[in-house]
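Reader: Hello! I am new to this structure and would love a close look at one part of it. Could you walk me through it slowly?

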Amino acid sequence: MSFTVIIDDLAARGWSLQHAFLSPDLTADLAVECRTREAEGALRPAGIGRGDGAAVREGIRGDHIQWLEPGQSAPTDAYLALMEQLRQALNRELFLGLEDYECHFALYPPGAFYKTHLDRFRDDDRRAVTTALYLNPDWQPEHGGELRMHFDAAPALDVAPTGGTLVVFLSGEVPHEVLPTRRERLSLTGWFRRRAPEPL
């Protein structure tokens with residue numbers, strides 16, 4: 001797979017939108033995996049913040065998540081392998097120094113949303129590049145749930161969470177939100193991270 005367009009987009013404008021990035025079969029397998037984990041009670045309400053300061057605040061975000069780990073299933077391993085290829089390509093072409101990748105399933109129940117935010121903590125700038133892969137077949141405009149990206153010098157862009165679509169953007173530079181969804185909305189959200197700075 002060629003990542004040239006993604007790399008060129010990030011270099012030129014800080015974000016990239018790729019329709020039909022993932023094959024329909026792998027997209028469907030990942031959606032089944034997400035729904036199975038939800039049915040088993042493995043997905044938990046997502047919090048705001050990190051570490052001991054994290055708290056569930058459904059007035060800000062309403063998704064349920066579970067982090068991926070290598071070896072959990074063939075579909076998730078296939079996706080993580082693809083993201084590893086993208087990490088290497090980003091480092092090779094853009095010299096971003098990306099060390100690793102973290103990723104979770106996210107399921108938004110009907111009525112859920114995520115208010116405007118940046119994907120970078122105030123005291124930790126390791127997250128450098130955000131990815132969002134959507135797993136929803138036959139998504140229609142009336143279902144809502146768009147990703148809305150905000151830009152300084154251009155109108156906001158709404159992206160429907162259609163199965164197989166991948167959005168990639170610079171984590172610290174693109175404020176974004178998830179608009180209220182009217183049906184279950186599934187995705188894989190992840191971050192390429194730089195190495196943590198050495199303590200002084």
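Leaving aside its neighbours within four places in sequence, which residues is H143 in contact with?

Author: Happy to help! Please keep in mind that this is a predicted model. Once the neighbours within four places in sequence are set aside, H143 is in contact with D138, P180, T181, R182 and R183.

Let us start with where this residue sits. H143 belongs to the loop between β6 and β7. With a relative accessibility of 17%, H143 counts as buried, because the cut-off for that is under 20%. There is also a spatial link to another stretch of the chain: the C-alpha atoms of H143 and P110 are 9.2 Å apart, while 33 residues separate the two in sequence.

One of the contacts of H143, D138, deserves a look of its own. D138 is placed in the loop between β6 and β7 (147–149). Here the setting is exposed, as D138 has a relative accessible area of 64%. Its backbone stands out too: D138 has a positive phi of about 55 degrees, although it is not a glycine.

You can find that backbone feature elsewhere. F95, not a glycine either, has a positive phi of about 55 degrees. This residue lies in the loop between α3 and β4, and F95 counts as exposed at 70% relative accessibility. A glycine with a positive phi is G41, near 80 degrees, which follows α2.

Now let us step back to the whole chain. It holds three helices and eleven strands, and from the N terminus on they run α-β-α-β-β-α-β-β-β-β-β-β-β-β. Of its 200 residues, 48% count as buried. Among contacts with a separation of 6 or more, 78% join residues 24 or more positions apart. The chain exposes about 10200 Å², of which carbon and sulfur atoms supply 51%.

Strand β6, which comes before the loop of H143, also helps to cover a helix. What covers the buried residues of α2 includes β6 (127–134), along with β3 (64–67), α3 (74–94), β4 and β11. Helix α2 spans residues 24–39, 16 residues in total, and reaches 22 Å from its first C-alpha to its last, close to the 22 Å expected at 1.5 Å a residue. Its buried residues are L26, T27, L30, A31, E33, C34 and R37. They are on the same side of α2, because they cover an arc of only 160 degrees around the axis. In general, an α-helix has 3.6 residues a turn, so residues three or four places apart point the same way. The face turned away from the buried side of α2 carries the exposed residues P24, D25, V32 and A39.

Two of the elements covering α2, β4 and β11, bring us to the aromatic rings. A search of the whole structure finds three aromatic pairs. One of them is formed by Y101 and F192, tilted at 40 degrees between the planes and 4.6 Å centre to centre. This pair links distant parts of the chain, with Y101 in strand β4 (residues 98–108) and F192 in strand β11 (residues 185–194), 91 residues apart. Both Y101 and F192 are buried.

Rings meet charges here as well. R127 lies over the face of W191, at 3.7 Å from the ring centre. Likewise, the charged end of R13 sits over the ring of W15, 3.7 Å from its centre.

Technical notes:
Residues numbered from 1 in each chain as written. Predicted model: local features only at pLDDT ≥ 70, side-chain atom pairs only at ≥ 80, totals over all residues. Heavy atoms only, no water. Helix = DSSP H or I, 4+ residues; strand = E, 2+ residues; numbered from the N terminus. Buried < 20%, exposed > 50% of the residue type's maximum accessible area, 1.4 Å probe, protein only. Contact = heavy atoms within 4.5 Å. Areas by Shrake-Rupley, 256 points an atom, 1.4 Å probe, with all protein chains shown as cover. Phe/Tyr/Trp six-rings, centres within 6.5 Å; stacked < 30°, edge-to-face > 60°. Lys NZ or Arg CZ within 6 Å of the ring centre and 35° of its normal. Expected span 1.5 Å × (residues − 1). Arc of directions from axis to C-beta.
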